[in-house]
Every structure is written in structure tokens, then in C-alpha cells.
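Trainee: Could you choose a single part of this model and take me through it slowly, with the terms spelled out as you go?

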Amino acid sequence: MTNAKQAILDKASEHCQQLGERLTPKRERLLDLLLAADGPKSAYDLISDHQAAYGDAPAAMSVYRMLNFLVEAGLAHKLATTNQFLACSHISCDHDHEVPQFLICDRCQAVEEVGMQRSLLTELKASASSVGFEMGSQQLEVHGLCRNCAQAAANAEL
Ligand SMILES: [Zn+2]
Ligand SMILES: [Zn+2]
Ligand SMILES: [Zn+2]
């Protein structure tokens with residue numbers, strides 16, 4: 001394990017303690033798998049990753065429970081539009097977590113977590129509620145093409 005990843009896991013464990021919770025070895029393994037992933041993962045991807053890394057496949061129920069824990073603790077995020085999970089990119093940061101906005105590439109499935117100004121969310125909520133719509137999620141998921149894929153698409157058109 002790289003030192004950078006260990007530092008993130010240490011910080012995650014500290015964060016859980018502050019919440020009065022514990023980053024148990026099982027939860028830590030799952031977070032570790034998310035950190036090692038190069039993109040968002042479904043619960044079933046994580047079960048097979050777990051099998052490959054540790055030689056046993058945890059039950060889907062317990063994986064969902066642990067993922068929920070990580071999401072509630074702010075260590076991971078769930079993408080509602082794809083039903084996938086990814087580690088928060090700000091675990092080792094000291095700043096407050098901003099409203100997360102996820103830029104999801106529909107071609108290569110890469111996801112980037114970028115912060116969004118709270119005022120923007122307030123505006124979104126206001127425009128939704130002006131037509132009587134109540135916004136549920138506190139995060140935004142934007143689908144499109146990442147820089148690489150947009151470039152590849154532009155090249156293909158030449
Ligand atoms: Zn985050
Ligand atoms: Zn940060
Ligand atoms: Zn892409």
C-alpha cells in the first residue's frame with residue numbers, strides 16, 4: 001500500500017472516531033478498494049474486487065451496509081444516476097466539504113468530483129421550487145464526455 005493511501009485511510013479512521021463510529025477492518029478494506037479503483041464501482045464490482053484481493057466474496061447485503069456507512073460518514077459518495085460508488089476525493093483535506101458535483105463521462109465512465117458553490121445549489125433549489133418541485137438530492141450528477149473522450153470524438157470527426 002502506498003503511503004499516500006495509508007494517510008487517507010488513517011484520516012478516514014480518525015474521521016469515523018470523531019463521529020463516534022469505527023472504521024472496522026472490513027469497512028477499511030472496502031474503502032481501500034474504492035480508493036484503488038480507477039472509476040466508480042457498483043456493489044457487485046466491489047464484491048469481485050474483494051474476492052480478487054482477499055480471496056473471499058462478502059455478501060451483497062453486508063457490502064451495501066458498509067457502503068451506506070461510508071456514504072453516511074462522508075468518506076464515499078453514491079451516484080444515484082448510475083447506482084455506483086466512489087471514494088470521496090477530499091478525505092485527507094482540511095477544508096469543509098463543498099456541495100459535490102460529479103462530472104460523469106458516459107463513454108469511459110470516468111467520474112470527477114468537483115466542488116460547487118452553495119449559492120449555486122440555493123439558486124437551483126429556488127428555480128425548482130418556483131415550479132413546485134422539491135429537490136431531493138444534495139449533489140449534482142452531470143453526464144457528458146470527459147476531456148479525453150471529447151477530444152477523441154473531435155478527432156474522429158476530422
Ligand atoms: Zn466528496
Ligand atoms: Zn479537498
Ligand atoms: Zn471519458
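**The three-stranded sheet**

Mentor: Strand 3 and strand 5 (residues 140-144) run parallel and are joined by five bridges; strands here are DSSP runs of E with at least two residues, numbered from the N terminus, and two of them pair if DSSP finds at least two bridges between them. The model is predicted, so local features need pLDDT of at least 70 and side-chain atom pairs count only at pLDDT 80 or more, whereas totals for chains, interfaces and linings use all residues. Residues are numbered from 1 along each chain as its sequence is written, and chains are lettered from A and ligands numbered from 1 in the order in which they are written.

Within this parallel pair, Gln101 has Leu140 of strand 5 as its bridge partner, while Phe102 stands opposite Glu141, again in strand 5.

Strand 3, which covers residues 99-105, also pairs with strand 4 (residues 111-116), this time in the antiparallel sense and over six bridges. One of the residue pairs to look for here is Leu103 with its bridge partner Glu112 in strand 4. Strand 3 and strand 4 form a hairpin, with five residues between them, and in that turn Gln109 has a positive phi of about 70 degrees.

Put together, the three strands form an open sheet in the order 4-3-5, and the pairing is mixed. Strand 4 and strand 5 are the edge strands, each pairing on one side only. From one strand to the next the twist averages 25 degrees, where axes are lines fitted to C-alpha atoms and angles between N-to-C directions run from 0 to 180 degrees.

To place the sheet in the whole protein, compare its residue numbers with the domain assignment, which gives domain 1 (1-92) and domain 2 (98-158), bounds that come from an automatic or database assignment. The centres of the two domains, taken over C-alpha atoms, are separated by 23 Å. Nine residues from domain 1 and eleven residues from domain 2 take part in the contact between them, a contact meaning C-beta atoms, placed from the backbone, within 7 Å.

Returning to the sheet, the central point to check in the viewer is strand 3, with strand 4 antiparallel to it and strand 5 parallel to it.

Terms used: Contact = placed C-beta atoms within 7 Å. Helix = DSSP H or I, 4+ residues; strand = E, 2+ residues; numbered from the N terminus.
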